[in-house]
Every structure is written in structure tokens, then in C-alpha cells.
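Let's take a friendly walk through the metal site and the cysteines of this protein.

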Amino acid sequence: MLNGFKDKYPELVEVFSIGKSVLGKDIWCIRVTNEKNNTIKSSCLIDGCIHGNEWEGGEAYLYLADYLLINFDANETITHILNSSEVYIIPLVNPDGREENTRWNENGIDLNRNFDAGFGRLLLTRGGVFRLGKVFGFIKIPYFNLGKLGIYENCGRHPFSEPETQAIRDFMMDLEKNDFSFYVNCHTADHCIYTPDETFKPTFEMTEQETHIFNYVLNWVGKNTEYETAGTGINFHNGKKFYDSGMAQDWCFKEFRIPSFVFEILSLDYFPSNVGYPIDISYFGGSKHDHIVHWMQTTIPFFMYLLVNIDNLREWKTPDIQPSLPEGVPPEPF
Ligand SMILES: [Zn+2]
């Protein structure tokens with residue numbers, strides 16, 4: 001599909017691999033921008049499917065790419081976005097996990113606990129992790145249930161122990177040289193947008209201005225989309241406080257000091273209503289993927305909002321530009 005975009009829009013699309021998975025699959029990235037326009041551009045990264053069974057993230061981003069390409073030169077806002085910014089999209093951070101429809105990578109590791117921000121914290125609540133890679137090189141232990149201790153996941157032996165997280169890290173470092181302005185890391189099984197978690201002070205603390213901007217974005221989301229939000233610095237997961245460690249968005253914020261978000265694209269309908277924490281194992285068995293079209297469409301306003309405010313976000317200025325959506329939007333997906 002990415003190559004199809006490239007064939008159809010050669011002056012707007014570049015496709016390249018940022019690295020390989022454990023099984024040697026490429027981690028593909030698509031850059032969407034007007035290549036003919038040589039002004040200095042802001043860049044942003046939107047990635048998905050870091051948890052291989054969370055398909056909607058990847059699907060939504062393909063839809064976003066298609067949406068931008070179709071509307072370039074037809075819609076003023078989108079033409080401006082692609083003239084002034086580079087949109088990098090990685091639909092499949094975890095291609096091995098996606099193929100097997102599991103949360104983890106081939107080594108049994110939760111890639112979104114393998115980043116260097118609050119890495120390996122054992123918490124007596126949901127979010128506990130343990131440091132262990134593939135045992136003897138072949139025994140995968142992704143899930144480890146210590147009952148009430150809530151220790152349930154393998155974060156890897158050390159931060160960035162996995163080729164997939166190394167690839168994302170190195171790619172973000174390249175983007176930093178290129179006016180990296182915001183990051184969205186996409187998941188499913190919740191229905192909300194949240195901001196970096198300050199649980200692990202002194203990993204990082206937000207300034208007043210950063211808190212203000214995050215709150216401004218979350219307010220916008222609450223008013224203009226169907227997604228739910230929680231205050232900055234505290235994450236809530238179905239109403240319960242949410243602790244995590246080693247997450248991509250936290251690391252990105254800590255490292256580059258740019259607005260970083262988790263976008264949980266899914267209906268609560270997907271989530272077993274009886275789920276409790278420590279998390280229900282049935283969740284890891286794979287979830288239903290109904291209504292993907294609907295979930296792709298509902299993501300567009302949030303992405304458009306971030307994109308029209310890309311320069312404000314980079315400078316931590318109030319992102320008060322309203323996106324104007326083309327008529328009939330969201331369009332029928334391809
Ligand atoms: Zn996830």
C-alpha cells in the first residue's frame with residue numbers, strides 16, 4: 001500500500017525502511033510532503049501497532065496518509081500542511097507481532113516498555129514489568145502473572161534492547177535535526193488520548209507552560225472529538241489510575257521536549273467489560289477488530305488539529321488554530 005501511494009503521488013511520497021524487526025522484516029516509513037517545496041519544514045512522527053494485536057493504529061495512519069494525498073491541491077489547509085511540513089508515518093512498528101497477532105515482539109518483549117523513561121519500574125499496580133529477554137535465546141516469556149503484585153510484562157533486559165525500539169529511537173534522533181515537532185504513538189483497546197506520565201519523577205517534570213499546552217490540546221479533544229481525555233501528568237485507564245514504564249511517548253517527551261501523545265483508537269465495545277487489573281489475559285489473546293472504518297474516520301480531526309498547529313506545538317505556543325475539514329469529511333476510506 002505504501003508503494004502504491006508512492007506510485008500514485010511520486011512528488012508527495014517517499015517510502016523507506018527505518019530498520020528491521022527481530023525476524024528481519026523491514027519497519028517501513030512513509031514521508032508525506034510536497035517535495036517540490038524546498039522551504040524549511042517542521043516534521044512530525046505518527047506511529048502505530050507497536051503492540052502487534054492493536055491493528056487500528058496502523059490502519060488509521062494509512063487512512064491519514066491517503067486522506068492527505070487525496071486532498072493535496074484540492075483543499076487549502078492540506079495543501080499548506082504538505083507545503084510546510086513533513087509528515088512521517090510508521091504504520092507497523094512491530095511487524096512480527098502484527099503477523100502473529102500478539103502484543104509482543106518475537107522475543108516476547110513489550111516494545112512499549114522498552115524505552116528509556118522510567119524503565120523497568122516494578123509497581124504494585126498495573127504496569128509492573130520484569131527485566132528478562134528471550135531465555136536461552138528461544139524461550140519466550142512475554143506474560144508473567146504474579147497475581148496481586150500485578151507484575152505481568154517483559155520489558156527486556158535493558159532500555160532499547162530490541163531492534164524495533166532501536167530503530168524508532170534512531171529515527172527520532174534523525175528527526176530532531178529536522179525540526180521534530182510532535183509525536184503520536186497509537187494504540188487500541190481504550191478510547192482516549194493521553195499525555196506523558198509524570199509518575200517517575202525525576203525522570204522528567206513538566207513546566208507550567210508544557211502543562212498548559214497539553215491541557216489545551218486535551219480540552220480541544222474533549223470539545224471536538226468523541227475521544228476521552230485525562231489531565232496531564234496523570235493517566236487514567238477506564239477510570240483507574242494508570243502507571244506505566246518504558247513508554248515511547250514518555251521517552252520522546254523526556255528526550256526531545258516536544259508534545260507527545262498516546263492515541264488509543266478503539267471503542268470501549270472492544271474491551272471486555274469485566275476486565276480488571278492485573279489485566280485480563282483474554283485481552284492478550286487478540287481483540288475484535290470491528291468497525292475499523294469508523295475508527296479510522298474518527299482519528300482525522302485530531303490529526304488535522306495537530307498538523308495545522310505544528311509550529312505552535314514545536315514552540316510550546318497555544319495551539320489555537322482550528323482545522324478546516326474538506327466537505328464530506330471524513331471521506332469514505334479506500
Ligand atoms: Zn498498546
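## Cysteines

A disulfide is a pair of cysteine sulfur atoms within 2.5 Å. The structure holds zero of them. For Cys49, the closest cysteine sulfur belongs to Cys186 and is 8.9 Å away, too far for a bond.

Burial is judged by relative accessible area: under 20% is buried, over 50% exposed, and anything in between partly exposed (1.4 Å probe, protein chains only). Cys49 is buried at 1%, and Cys29 is buried at 0%.

## About the model

This is a predicted model, in which local features need pLDDT of at least 70 and side-chain atom pairs count only at pLDDT 80 or more, while totals for chains, interfaces and linings use all residues. Residues are numbered from 1 along each chain as its sequence is written, and side-chain values use heavy atoms, leaving out hydrogens and water.

## The zinc site

Which protein atoms are donors of the zinc ion? They are ND1 of His51, two OE entries of Glu54, and ND1 of His187, at 2.0 to 2.5 Å from the ion. Donors here are N, O and S atoms within 2.8 Å of the metal (3.2 Å for Na, K and Ca); water is not among the atoms, so sites may look incomplete.

The angles among the four donor atoms run from 56 to 151°, and the site is irregular. Four donors count as tetrahedral if all angles lie between 85 and 135 degrees; four count as square planar and six as octahedral if opposite donors are over 155 degrees apart and all others between 65 and 115; anything else is irregular.

## Placement of the donors

The donor residues follow the spacing H-x2-E-x132-H. Glu54 sits in the loop between β3 (42-48) and α2 (55-71), and His187 in strand β7 (residues 180-187), so this pair ties together parts 133 residues apart in sequence. Helices (H or I, at least four residues) and strands (E, at least two) are DSSP runs, numbered from the N terminus. Glu54 is buried at 2% relative accessibility, and His187 is buried at 3%.
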